[in-house]
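Thanks for passing this one along. Here are my notes, set out so that you can follow them with the structure open beside you.

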Amino acid sequence: MTPPDDSRQGFFQRLRAKLNPPNSWLSYDLGNLFRGRKIDAEILEELETRLLGADVGVTVTEELLEQLRRQVARNELADVEALMTALREAITATLLPVQQPLRIDPAQRPYVILVVGVNGSGKTTTIGKLARRFTTEGRSVLLAAGDTFRAAAIEQLGIWAQRSGVEIVAQQAGADPGAVVFDALSAARTRGTEVLLADTAGRLHSQSHLMEELKKVRRALSRIEPTAPHEVLLVLDANQGQNALAQAVQFHEAIGVTGLVLTKLDGTARGGIVLAIARRLGLPIRFIGIGEQAEDFGEFDAAAFARALVDGASPAGAGADTPDNRASRGSAATAPIAPAASAATRATDISPAADATPQATPARDTPSKGSLFGRWSRRP
Ligand SMILES: Nc1nc2c(ncn2[C@@H]2O[C@H](COP(=O)(O)OP(=O)(O)OP(=O)(O)O)[C@@H](O)[C@H]2O)c(=O)[nH]1
Ligand SMILES: [Mg+2]
């Protein structure tokens, strides 16, 4: 297994390489094509198209464009480079309010984190990554196998538990998830565990009976500890674009979300959805996932994210990948990255260990991305 990359710098370099590979969809060629030109309507229009294509959404795109137009009118932006800097700053400003890291309150022991989301969004993987993160920080961790529905879910969580040397509380498949988390919280209390991470089965936000079940899980926790869960972490797959936004709205309405994790930002052309989510919901974005391994995970940082989005990978960033990293991610450091496995195509029943190589799936983003690039490359 690759050792965890706890260097913050290393994570952000990989974020740049993965979120927005060298031929980035947002700023690709913008500098070269319009080099030396004054900012005009055509350039702004192209930028608008790209922002919308990246799922930034109409509202935020208009806000960003309006601000840039005002700066152009004030003659503050001399060239495309200045425009890119201004865009980066405007994106950072949009994201800053939701840059609120998760802080484990030592007064709450165990600090209970309930992890929810639709099928395949990355809940169990996120729990594995969090378990690694917390144990690396020296905290004691217990996992609750609250997904009693999907075949092999308990085993999958068990493998992650093993990797971090933490224990897991589980019952047989089909058991009442409320009973599992109840037992797990009791055990964590008895043992004096610092963090309890509770997995749940994936469910569609539109399935009201399953949302009711989630409320029951929540109530089971608060029967033991009225303040629990202390964090309800909603895991969203960034590839889902605007649909992730709809999920967030409905999960939040149903059970009250306190933090978000955006996964699969590696290789998605829809990273702009982070802006739409930030602006629309204002919920703290705690972490982002940029791959399947434990180290492909980090705290959300508004400025770093904006830089990754606008600048893409610098040669230094791509070069920072170790041979190990490159091996485990295919040709990530040298070639555009294939879109992450989607819920529909992933092999649900294989363990994360067997699952380490990102799966290339038919690129549902490719047509628009391709045509955008095609349009660019045809220009003089
Ligand atoms: N590329 C990439 N893959 C990820 C990321 N996070 C999770 N995955 C993969 O996405 C797939 C689904 O992850 P899970 O953690 O099983 O998702 P889940 O939400 O627990 O799924 P259900 O329990 O079925 O609802 C697995 O193949 C993971 O390895 C990420 O940040 N990037
Ligand atoms: Mg799961």
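The points below go from the whole chain to the sheet, then to the helix packing and two single residues.

1. **What kind of model this is.** Please keep in mind that this is a predicted model. The protein chain holds 15 helices and eight strands. Of its 380 residues, 48% are buried. Long-range contacts are well represented: taking contacts between residues at least 6 apart in sequence, 79% join residues at least 24 apart.

2. **The sheet.** How are the eight strands ordered? They form an open sheet that reads E3-E2-E4-E1-E5-E6-E7-E8, with mixed pairing. At the edges sit strand E3 (167-169) and strand E8 (297-299), each of which pairs on one side only. On average, neighbouring strands of this sheet are turned by 25 degrees against each other, ignoring direction.

3. **Strand E2 and its two partners.** Strand E2 covers residues 141-144. It runs parallel to E4, joined by four bridges, and parallel to E3, joined by three bridges. If you want to check the register, leucine 143 stands opposite leucine 197 in E4, while alanine 144 has valine 169 of E3 as its bridge partner.

4. **Side chains of E2.** In a regular strand, side chains alternate between the two faces of the sheet. E2 shows this nicely: Val141 and Leu143 point one way, Leu142 and Ala144 point the other way, and all are buried.

5. **E1 beside E4.** Strand E1 (residues 111-116) and strand E4 (residues 195-198) run parallel and are joined by four bridges. Here leucine 114 is the residue opposite alanine 198 in E4.

6. **H10 on the sheet, and its neighbour H11.** Helix H10 (residues 242-255) lies across E1, strand E5 (231-237) and strand E6 (259-263), and runs at about 160 degrees to E5. H10 also packs with helix H11 (residues 273-281): their axes come within 9 Å and cross at roughly 30 degrees. Because of that angle, H10 counts as roughly parallel to H11. The crossing is right-handed. On the H10 side the contact is made by Gln242, Ala244, Leu245, Ala248 and His252, and on the H11 side by Ile273, Ala276, Ile277, Arg280 and Leu281. By class, this contact has seven nonpolar, two polar and one charged residues.

7. **H6 against H7.** Helix H6 (residues 123-136) and helix H7 (residues 153-164) pack at about 20 degrees, with axes 9 Å apart. That angle is why H6 is described as roughly parallel to H7. Again, the crossing of H6 and H7 is right-handed. H6 contributes Thr124, Ile127, Gly128, Ala131, Arg132 and Thr135, and H7 contributes Ala153, Gln156, Leu157, Trp160, Ala161, Arg163 and Ser164. The contact of H6 with H7 has six nonpolar, five polar and two charged residues.

8. **Serine 164.** This residue lies in helix H7. Is serine 164 buried or exposed? Serine 164 has 20 C-beta neighbours inside 10 Å, so it counts as buried; the cut-off is 20 or more. Leaving aside residues up to four places away in sequence, serine 164 touches Ala131, Arg132, Thr135 and Val141. Serine 164 and glycine 128 are 36 residues apart in sequence, yet their C-alpha atoms are 7.9 Å apart in space.

9. **Glycine 120.** You will find glycine 120 in the loop between E1 and H6. Glycine 120 is buried because 22 other C-beta atoms lie within 10 Å. Glycine 120 and valine 235 are 115 residues apart in sequence and 9.5 Å apart in space, C-alpha to C-alpha.

10. **H5 against H12.** How do helix H5 (residues 80-95) and helix H12 (residues 302-311) pack? Their angle is about 140 degrees and their axes are 8 Å apart, so H5 is oblique to H12. H5 passes H12 in a right-handed crossing. Met84, Leu87, Arg88, Ile91, Thr92 and Leu95 of H5 meet Ala302, Ala303, Phe305, Ala306, Arg307, Leu309 and Val310 of H12. By class, the contact of H5 with H12 has 10 nonpolar, one polar and two charged residues.

Terms used
Residues are numbered from 1 along each chain as its sequence is written. Chains are lettered from A and ligands numbered from 1 in the order in which they are written. This is a predicted model: local features need pLDDT of at least 70, side-chain atom pairs count only at pLDDT 80 or more; totals for chains, interfaces and linings use all residues. Two strands pair if DSSP finds at least two bridges between them. Helices (H or I, at least four residues) and strands (E, at least two) are DSSP runs, numbered from the N terminus. Axes are lines fitted to C-alpha atoms, for helices over the stretch in contact, and angles run from 0 to 180 degrees between N-to-C directions. Two residues are in contact if their C-beta atoms, placed from the backbone, lie within 7 Å. Angles under 35 degrees count as roughly parallel, over 145 as roughly antiparallel, 65 to 115 as roughly perpendicular and the rest as oblique. A crossing is left-handed if the near helix is turned anticlockwise from the far one by less than a right angle, and right-handed if clockwise. Ala, Val, Leu, Ile, Met, Phe, Trp, Tyr, Cys and Pro count as nonpolar, Asp, Glu, Lys and Arg as charged, and the others, Gly among them, as polar. A residue is buried if 20 or more other C-beta atoms lie within 10 Å of its own, exposed if 12 or fewer, and partly exposed in between; C-beta atoms are placed from the backbone.
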